Amino acid sequence: HPLPYYLSFEKKALEKANMTAAELNTSFVGSEHFIYAFLCIPECSAYGILTGEGVMKDEYGLLFSRTVDKNFQGQGLTLRTTQMYNKSVEAARAIGMLATTAHMLYEILNTPECLGVSFLRKFADIEELKRNIINA
């Protein structure tokens with residue numbers, strides 16, 4: 001799905017995820033990049049959900065930067081991240097909304113095998129994060 005289905009903060013999150021990948025010398029963007037991007041944008045909905053459960057940018061960023069896979073050969077969004085991105089747009093459109101960072105975060109959290117979720121488990125309860133999105 002093209003970016004017009006996202007709001008400005010979501011576009012900003014995608015830009016930050018891409019910048020973070022470049023800063024870490026990786027050619028791909030995974031769920032872990034998006035979560036870090038959300039934590040860098042206080043005005044986006046995912047930021048409030050994550051920080052409300054105690055996930056902080058510096059701690060997450062340290063773990064993320066130390067464990068990023070520099071050997072992965074993909075370019076751009078990984079296949080799994082593209083699928084999450086598309087599902088978030090579809091879920092929002094189904095209820096007549098533009099996708100928000102909360103939609104993308106929810107799709108990430110619903111993919112327990114992704115690296116972003118494995119990192120988040122060290123800081124917060126995944127099911128509680130999902131409940132907070134649903135109840136927001």
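Helix α6 is largely enclosed by the rest of the structure, because eight of its nine residues are buried. The model is a predicted one. The buried residues of α6 are T101, A102, H103, M104, L105, E107, I108 and L109. The N-terminal end of this helix is capped by T100, which places a side-chain oxygen 3.2 Å from the backbone nitrogen of A102. A102 is thus named twice here, as a buried residue of α6 and as the backbone partner of the cap.

Helix α6 also packs against another helix. Two packed helices are described by the angle between their axes and the distance between the axes. For helix α3 (residues 45-52) and helix α6 (residues 101-109), the axes come within 6 Å and cross at roughly 50 degrees. The arrangement of α3 relative to α6 is therefore oblique. On the α3 side, the contact involves S45, A46, I49 and L50, and on the α6 side T101, A102 and L105. By residue class, this contact of α3 with α6 consists of five nonpolar residues and two polar ones, with no charged residue. T101, A102 and L105, which form the α6 side of the contact, are also listed among the buried residues of that helix.

Charged side chains pair elsewhere in the model, where the count of salt bridges comes to three. One of them joins K12 to E43, with the closest N and O atoms 2.8 Å apart. This pair links distant parts of the chain, since K12 belongs to helix α1 (residues 8-23) and E43 to the loop between α2 (31-39) and α3, 31 residues apart. K12 is partly exposed, its relative accessible area being 39%. E43 is likewise partly exposed, with a value of 38%.

Two further salt bridges are found in helix α8. In one, the side chains of E127 and K130 meet at 3.4 Å, N to O. E127 and K130 are three residues apart in helix α8 (residues 126-135), so about one helical turn separates them. An α-helix has 3.6 residues a turn, so residues three or four places apart point the same way. The partners in this bridge fall into separate accessibility classes: E127 is partly exposed, with a relative accessible area of 40%, whereas K130 is buried, with a relative accessible area of 13%. K130 is assigned to the buried class because its value is under 20%.

The other salt bridge of α8 is formed by E128 and R131, whose closest N and O atoms are 2.8 Å apart. E128 and R131 are also three residues apart in the helix, about one turn. E128 counts as partly exposed at 26% relative accessibility, and R131 counts as partly exposed at 40%.

At the level of the whole protein, the secondary structure comes to eight helices and two strands. From the N terminus on, the order of these elements is α-β-α-α-α-β-α-α-α-α. Of the 136 residues in the protein, 46% are buried. Among contacts with a separation of 6 or more, 68% are accounted for by residues 24 or more positions apart.

Methods. Residues numbered from 1 in each chain as written. Predicted model: local features only at pLDDT ≥ 70, side-chain atom pairs only at ≥ 80, totals over all residues. Heavy atoms only, no water. Axes fitted to C-alpha atoms, helices over the stretch in contact; angles between N-to-C directions. Helix = DSSP H or I, 4+ residues; strand = E, 2+ residues; numbered from the N terminus. Parallel < 35°, antiparallel > 145°, perpendicular 65-115°, else oblique. Contact = heavy atoms within 4.5 Å. Nonpolar A, V, L, I, M, F, W, Y, C, P; charged D, E, K, R; others polar. Buried < 20%, exposed > 50% of the residue type's maximum accessible area, 1.4 Å probe, protein only. Polar contact = N/O pair within 3.5 Å; in protein donor to acceptor, adjacent residues only side chain to side chain. Salt bridge = Lys/Arg side-chain N within 4 Å of Asp/Glu carboxyl O.
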